[in-house]
Amino acid sequence: MKRGWLVAVFGVALAWTQYRESGLREIAGHLELATEPLMPARVYLFKDGKPFRLSPVDAMLPLRVDLFYRERLWRRGANPSVLEVTCNDISHFFLLKGRANFDLPAGNYRVEAYRGLFYKPFSAEFTLEAGKQTRAVLKMEDWTAGEGAKWISSDDHIHLVRDREDDAVFLSWMDAEDLTVANFLQLQRQMDAASQYGYGPQAEAKRGGRSIRPGHESRSAFFGHVNVLGGREMIRPLSLGTVYSNSPETFPYPYVLFGMGRKLGALVGYAHFDGSQKNSALLMDLALGNLDFAEVFQFGRLRTEQWYELLNAGFRLTGVAGSDFPVNVNNATKLEKWSRWIPLLGPERMLVKAAAGTSAYETWAAAVKRGEGVVTNGPLIELRLNEQSGQLEAEAKFYRPMTKLEIVANGKVIASAKAGASLRASASIPPQGPVWVAARALADPDVAGTTEIQAHTNPRYMRWDGSAPDSQARRNAADRWRKEVEYYRTAPLVFPSERERARFFELCEVALKKLTG
């Protein structure tokens, strides 16, 4: 009797579930989103003018941005089609295969689609009817007409926990952002954060000409934050001093760390331009020729004033761009207005004109070492030099009007063009003295009006013998480094031995001599 009662209850429950699911199918509309041509993309959905979540999704990355970078990717299956990234209660959806199906309440909708910097935004409105299928085609137009495919795009500064099984999703996410090279950086805040499963080529994820290469950001409140990219091993300690680590020791400082990194095949340079701390050893490494790059474009800010000052002081300095993800997303989505056009990965990116080859990372890294490339958050810019005639030709393109294109020599404008979606300018190299030249372009602000849209080439150098194009800039650099050395002599620096302490201050004086020479 009891068994028969249980069977009856189960039968009623099953019938109710089937009836309920049937009812839900009747009130829901069925939506297929597909890009044309078929490619991964980032999308946003709005119902009656308000943000609405796509459902179902089969991969999620919920971001709670704090000091520890512990967020992990969640997957419902081994081969997800849709990734949802959430931050500050805002959802960003990625069609990892370029198409997906969703069940949504009937109603009026708008969908927006984005893909990197070289595709025009797309928007479409549609009505979902209960029990019916609707297909929305997202037309992705490459405003460069294929020119963008000739460039490798990179973000040198991403903090995401990465296990080997995550690589397929992360590579598809990069594809949706049209990003070629992503440097995933481990770091430390007392405990390890944004951990990577390995280092060097054996831990490089590659697919379709895209690369994820692990590295690390090593941080110090005394010397600044620095990036060690692509090395065969991680160098410990990851951080120095009690702010970031569990020890007061302040060794190895950047000069030593960079030497260790280069022996492991790494690119080395400063994060946040000069390390973002009150004090920085950037001038030491610059004077001693001991770094490959500095991040000049980040958080929508291009550090031209500081960059030009160091170039005019007579030092070569290659600029790269990095997001510091997820900090960039956290900062942007806290604003009252933020631009959905700006990518999550690679919102500011470095481009180098090259084919990816067997490793997009290795091709990109070689170009960084040669001082090539441009930094941009929108326009495609190029500067060509005819070394025989000394003529410079600059060209910039964008899908929206640009306000100006300029060629600069030692920081001064020597040619310009104004107003248009495609601009050209030409000039002759100044005939005397050491000269660096570059091109820069500025476009109208993004659609939210919150970010300047701009691009800048890395410098080209002529008659560069180490003397300063601007002697005052050299004196300014020397004065700044002299003050840093005075600080370091009284700071609570902890070295493993007196010999290492003496070596540090010896290098300080060598750098000062070069800066004052």
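**Exercise 1. Find the partner of Asp-48 in a salt bridge, and say how buried or exposed each residue is.**

Step 1. In this predicted model, the side chain of Asp-48 meets that of Lys-47 in a salt bridge, at 3.6 Å from N to O.
Step 2. Take Asp-48. Its relative accessible area is 54%. Exposed means over 50%, so Asp-48 is exposed.
Step 3. Take Lys-47. Its relative accessible area is 19%. Buried means under 20%, so Lys-47 is buried.

**Exercise 2. Decide which parts of the chain the salt bridge of Arg-210 and Asp-178 ties together.**

Step 1. Check the contact. The closest N and O atoms of Arg-210 and Asp-178 are 3.8 Å apart.
Step 2. Place the residues. Arg-210 lies in strand 16 (residues 210–220), and Asp-178 in the loop between helix 2 (167–176) and strand 13 (181–189).
Step 3. The pair therefore ties together parts that are 32 residues apart in sequence.
Step 4. Check burial. Arg-210 and Asp-178 are both buried.

**Exercise 3. Do the same for Arg-480 and Glu-309.**

Step 1. The side chains of Arg-480 and Glu-309 meet in a salt bridge of 4.0 Å, N to O.
Step 2. Arg-480 is in helix 10 (residues 471–490) and Glu-309 in helix 7 (residues 304–312). They are 171 residues apart, so the pair links distant parts of the chain.
Step 3. Arg-480 has a relative accessible area of 37% and is partly exposed. Glu-309, at 25%, is partly exposed.

**Exercise 4. Work out the layout of the sheet that holds strands 8, 1 and 11.**

Step 1. The sheet is open, with 3 strands in the order 8-1-11.
Step 2. Strand 8 (99–105) and strand 11 (133–139) are the edges, each pairing on one side only.
Step 3. Strand 1 (residues 28–36) pairs with strand 8 in the antiparallel sense over 7 bridges. Here Glu-32 stands opposite Asn-101.
Step 4. Strand 1 and strand 11 run parallel, joined by 7 bridges. Here Leu-31 stands opposite Thr-134.
Step 5. The pairing is mixed.
Step 6. Look along strand 11. Thr-134, Ala-136 and Leu-138 point to one face and are buried. Gln-133, Arg-135, Val-137 and Lys-139 point to the other and are not buried.

**Exercise 5. Classify the aromatic pair of Phe-251 and Tyr-253.**

Step 1. The ring centres are 5.8 Å apart. The cut-off for a pair is 6.5 Å.
Step 2. The planes make an angle of 75 degrees. Over 60 counts as edge-to-face, so this pair is edge-to-face.
Step 3. Phe-251 is buried at 16% relative accessibility, and Tyr-253 is buried at 1%.
Step 4. Both rings belong to one aromatic cluster, which includes Trp-481 and Phe-504.

Technical notes
Residues are numbered from 1 along each chain as its sequence is written. This is a predicted model: local features need pLDDT of at least 70, side-chain atom pairs count only at pLDDT 80 or more; totals for chains, interfaces and linings use all residues. Side-chain values use heavy atoms; hydrogens and water are left out. Two strands pair if DSSP finds at least two bridges between them. Helices (H or I, at least four residues) and strands (E, at least two) are DSSP runs, numbered from the N terminus. Rings of Phe, Tyr and Trp (its six-membered ring) pair if their centres lie within 6.5 Å; planes under 30 degrees apart count as stacked, over 60 as edge-to-face and the rest as tilted. Buried means under 20% relative accessible area, exposed over 50%, partly exposed in between (1.4 Å probe, protein chains only).
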